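Please look at how aromatic rings, charged side chains and backbone angles are arranged in this model. The report below takes these topics in turn.

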Amino acid sequence: MQSRAQSSSLVRLFLAADKVPLWLLTLSAVVGVVAGMLATGFQFGLHQILAWRVEGLSHWAQWGLPRWLLAMLVTAVMTVLSLWMTFRFAPEAAGSGIPEIEGALDNLRPVRWWRVLPVKIFGGFLAQGGGLVLGREGPTVQLGGAAGKMVADLFRVSKDNAHALLAAGAAGGLSAAFNAPLAGVMFVIEEMRPQFRYGLISIKCVFIGTVVANVVYRTFIGQDASIEMPSYSPPELDSLALYLLLGGLFGAFGILFNKAILKTQDWYANYHQGRLDRRLVIGGILGAALGLMTVYGPDLTGGGIELIPAVTVGSYTVGALLLLFVGRVLTTLLCFGSGAPGGIFAPMLALGTLFGMGFGVLCQALLPGMAIQPGTFAIAGMGALFAATVRAPLTGIILVIEMTNNYLLILPLLITCLGATMVAQALGGQPLYGQLLGRTLAADAQAKREADAKREAEAQCETA
């Protein structure tokens, strides 16, 4: 009894000393539960849609129709429906969704969670379930952020506290997307640092939301790393310079990749000019092409997470790795630039793995005297491309380590990501999500100016 009383006194003393309202911490936990459920349900749903698609194609092929034709038709219809749903009801749900959360944290973008949640979920099911080269992590970050805003609106919290819940939901979403709780926290603190309001309250909310979301994920999915791959020993010290070289190559490529994404979006915009019917035409063509690839080149389609283990165990030659790398660069640009709801984290991780593995195999052949493990370069490449494009090296390092359970590779990851970041900065590159948010804000400003000019012209006509 005495020990129980002492424990209760300690708890009361802690709560009395803590200046963060207990109700806000409780709401952060609620946000974590919702974000975790959304992320877990989204992952389950995607796997089910993909399974249904494969089973359906096999069943319909028995009627005598060519499998490739069925795949083209199914993916084209799914892509068109996804784009129609997105741009008809919630255009802010297009693409990754991470720039939208960053804009919301800066009070520059609204969070219409009642629209975003259903559109992002079902639009994502259709686009990614059809085989488009998109990832689920961006959507889960946006879903988590929308969950934070929903809880804030339902309980009518202040703007400052709503900001903390929004950040907690975003961190929880990423945590549950890849079973990477520390990466979820670091993503908000590092990548969203211009928008995130550092403070005792916000930090605690982010930690609680992330932890709870990850517990929910592990309850349903399990505690294993999200990518099953070998556990590597630390590389020899005399090979560390090769990781720095790999990082420099990724730094240069990251700049080109970011520019290519923006150019692809411009190319799409020049064609559709904001018209929904033209977006749907693009979606139909893109879906048909990707559907054909799911039959004759499946490695070029999908988010890419399933491809990573096969690459790291040495299933591909150097030539095949480089060809697959080039091919997935093109499909990633086309799919992400279309505006279909889906992220680019997973496709970038796959690209980093492909190039890193090819680099490692080449080094092994050219430097037989070194004890080189090509798979370590594949893992380092995953973090390096993320660091070069998103410009969040610490998040990339932690994310890769948690996803692959290769904690012994932290030194080569640090070296590779440092090289990628330094080269990208030296070449004047800007973070990808910041550029995407800037384009969205510029488009909003242009639309507002055009609407104001139209109203002014109509007023002048009425006056005349």
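In this predicted model, ring pairs join Phe178, Phe187, Phe345, Phe386 and Tyr433 into a cluster. A pair of aromatic rings is described by the distance of the centres and the angle of the planes. By the pairing rule, the count of aromatic pairs comes to 15. One of them is formed by Trp113 and Trp114, whose ring centres are 5.6 Å apart and whose planes meet at 85°, so this pair is edge-to-face, because planes over 60 degrees apart are counted that way. Trp113 has a relative accessible area of 18% and is buried, since the limit for that word is under 20%.

A second pair belongs to the cluster's own members: the rings of Phe345 and Tyr433 have centres 6.2 Å apart and planes at 40°, so the pair is tilted. Phe345 lies in helix H14 (residues 345-366), while Tyr433 lies in helix H18 (residues 432-463), so the pair ties together parts that are 88 residues apart in sequence. Phe345 is buried, with a relative accessible area of 1%, and Tyr433 is buried too, at 0% relative accessibility.

Charged side chains also meet aromatic rings in this model, and the table lists two such contacts.

| Charged residue | Ring | Distance from the ring centre |
|---|---|---|
| Arg278 | Tyr271 | 5.6 Å |
| Arg279 | Phe87 | 3.8 Å |

In the contact of the upper row, Arg278 lies over the face of Tyr271, and in the lower row the charged end of Arg279 sits over the ring of Phe87.

The next topic is a helix and the residue that follows it. Helix H10 (residues 240-272) has 33 residues, which at 1.5 Å a residue should span 48 Å, and its end C-alpha atoms are 48 Å apart, so the expected span and the span in the model agree. H10 is followed by Gln273, whose phi is positive, near 50°.

Positive phi values are found at two further residues, each in a loop between helices. Where is Asn107 placed? Asn107 is in the loop between helix H4 (98-105) and helix H5 (113-129), and its phi is near 60°, a positive value in a residue other than glycine. Arg391, in turn, is in the loop between helix H15 (374-390) and helix H16 (393-404), with a positive phi near 65°, again in a residue other than glycine. Are these loop residues buried or exposed? Asn107 counts as exposed, at 57% relative accessibility, whereas Arg391 is buried, with a relative accessible area of 8%.

Conventions: Residues are numbered from 1 along each chain as its sequence is written. This is a predicted model: local features need pLDDT of at least 70, side-chain atom pairs count only at pLDDT 80 or more; totals for chains, interfaces and linings use all residues. Side-chain values use heavy atoms; hydrogens and water are left out. Rings of Phe, Tyr and Trp (its six-membered ring) pair if their centres lie within 6.5 Å; planes under 30 degrees apart count as stacked, over 60 as edge-to-face and the rest as tilted. Buried means under 20% relative accessible area, exposed over 50%, partly exposed in between (1.4 Å probe, protein chains only). Helices (H or I, at least four residues) and strands (E, at least two) are DSSP runs, numbered from the N terminus. A charge sits over a ring if NZ of Lys or CZ of Arg is within 6 Å of the ring centre and within 35 degrees of the ring normal. The expected span of a helix is 1.5 Å times one less than its number of residues.
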